[in-house]
Amino acid sequence: MATKPMASPRQQEDDEEDIDPMKILLPDYELELHNTTTPNLQQDQRHYIPSINSTIMVRQLPSQGLSFQLWPAATTLFTLLDRHRSDPTTGPLSPIFSPDCTPNILELGSGTGLVGIAAAVTLAANVTVTDLPHVISNLQFNVDANADTMALFGGTVNVAALRWGEEGDGDFECIGQDFDVILASDVVYHDHLYEPLLHTLRLVMGAGAGEKKKKKKKVFVMTHLRRWKKDSAFFKRAKKWFDVDVIYVDSPCHGSRIGVVVYRFSQK
C-alpha cells in the first residue's frame, strides 16, 4: 500500500485542507468514550519509560472533557524526554537541558500531567504543572499517584491553576517567574486562545522587559499537531516577540501527511 509523503512544517502550515481536530485528537474508541453520558468513567493508563525502567500512571476522565485526556503531541514530548535521559548529549532537547544543572520547568496546559511528571523523573527537575482551575483536582491526583517514582529519581512536581491572558495575571503572580524552560503540548487549537497564550508567554519569558529585568533567557518548547490552516496565524504573531524554530518533526501516524512538530521559542 502506498504511503503519503511526509509534509514539511511549512507545508503543514500552508496545506489547503483543514483537518478534523476531533478525529486526530481522539481515535475512534476514545471519541466514543468522550461522547458517553457516564459521568464517572475513567481510564488509568501506564506509560513505560525505558531510560529509567519505570512507569508513570495517569488517570484520564474522557467524559469530563478534552482537558482530562492525553493529547497526541504530549506523547511526542514524553518520548523525547525519555530519549534525552538515555543520551543527553545528542537529540533535539540536548541544547535546552544541561546535564550539569537541575532545571526549573513550567508546563502550560498540563492536562493529565504526563509530560510534567515525565520531565520531573527523567531530568530530576523541579516542575510546576498548570491548567485551568477545574482541571486541577485530576492533575493533583496524577501527581500524587506518581510521588514514589518522583522521589526515587529526585524530581518534584507542584500543581497550580493558571489561566492564560490578563485574567490569569493574578495566578501568574502566585507562580512566579523562576523558570528556565516552559513546556506545552497541543495548546494551539482554538484561535480565541492565541492572544491569551501569547500574553502569558510574554509574562513568563520576560519578553519586552527592560534590560534590568532580564536576568536570563528562557526557552519555550512546544509540541504541536496542526489541525487548522489558521494555526499559522499564531506563529506569525509569536514571531513578533520570539525567535521561533523547529527542532524536531515526528513521523505521521494513521496515514496522515502531518506529524507532530516541536518548536523552540526564545527571547529576541
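Here is a chat between a colleague and a modeller about how some features of this predicted model get their labels.

Colleague: Let's start with the rings. What makes the pair of Phe234 and Phe235 edge-to-face?

Modeller: Their ring centres are 5.4 Å apart and their planes stand at 85°. Centres within 6.5 Å make a pair, and planes over 60 degrees apart count as edge-to-face, so that is the label.

Colleague: And why is the pair of Phe234 and Phe265 called tilted?

Modeller: Here the centres are 6.3 Å apart, within the 6.5 Å limit, and the planes are at 50°. That angle is neither under 30 degrees nor over 60, so the pair is tilted. The pair also links distant parts of the chain: Phe234 belongs to helix H10 and Phe265 to strand S9, 31 residues apart.

Colleague: How do you know that Phe235 is buried?

Modeller: Buried means under 20% relative accessible area, and Phe235 has 3%, so Phe235 counts as buried. Phe234 has 0%, so the buried label fits there too. Phe265 is likewise buried, at 0%.

Colleague: Which residues form one aromatic cluster?

Modeller: Tyr194, Phe220, Phe234, Phe235, Phe242, Tyr263 and Phe265. In the whole structure there are eight aromatic pairs.

Colleague: What makes you say that the charged end of Arg59 sits over the ring of Phe141?

Modeller: That charged end is 3.7 Å from the ring centre, and the distance limit for this label is 6 Å.

Colleague: On to strand S7. Why is S7 called mostly covered?

Modeller: Six of its six residues are buried. Val219, Val221 and Thr223 lie on one side, with Phe220, Met222 and His224 on the other, and both faces are covered.

Colleague: How do you know that S7 and S9 pair?

Modeller: At least two bridges are needed, and S7 and S9 have six, so they pair, in the antiparallel sense. One of the matches is Val219 with Ser266 in S9. Strand S6 pairs with S7 too, in the parallel sense over five bridges, and Ser185 stands opposite Thr223.

Colleague: What makes helix H5 mostly covered?

Modeller: The count again: 10 of its 10 residues are buried. Just after H5 comes Ala124, with a positive phi near 50°.

Colleague: Last one: which helices each supply at least two residues of the lining of the second largest cavity?

Modeller: Helices H8 and H9 do, and H9 gives the largest share, three residues. The cavity holds about 30 Å³ of space, and its lining has three nonpolar, four polar and two charged residues.

How values were computed
Residues are numbered from 1 along each chain as its sequence is written. This is a predicted model: local features need pLDDT of at least 70, side-chain atom pairs count only at pLDDT 80 or more; totals for chains, interfaces and linings use all residues. Side-chain values use heavy atoms; hydrogens and water are left out. On a 1 Å grid over the protein atoms alone, a cavity is a set of points where a 1.4 Å probe fits but cannot get out, and a pocket is an open set with protein on both sides within 12 Å along at least five of seven lines; lining residues have an atom within 4 Å of a point. Grid points are joined across faces, edges and corners, and a volume is the space filled by probe spheres set on the points. Helices (H or I, at least four residues) and strands (E, at least two) are DSSP runs, numbered from the N terminus. Ala, Val, Leu, Ile, Met, Phe, Trp, Tyr, Cys and Pro count as nonpolar, Asp, Glu, Lys and Arg as charged, and the others, Gly among them, as polar. Buried means under 20% relative accessible area, exposed over 50%, partly exposed in between (1.4 Å probe, protein chains only). Rings of Phe, Tyr and Trp (its six-membered ring) pair if their centres lie within 6.5 Å; planes under 30 degrees apart count as stacked, over 60 as edge-to-face and the rest as tilted. A charge sits over a ring if NZ of Lys or CZ of Arg is within 6 Å of the ring centre and within 35 degrees of the ring normal.
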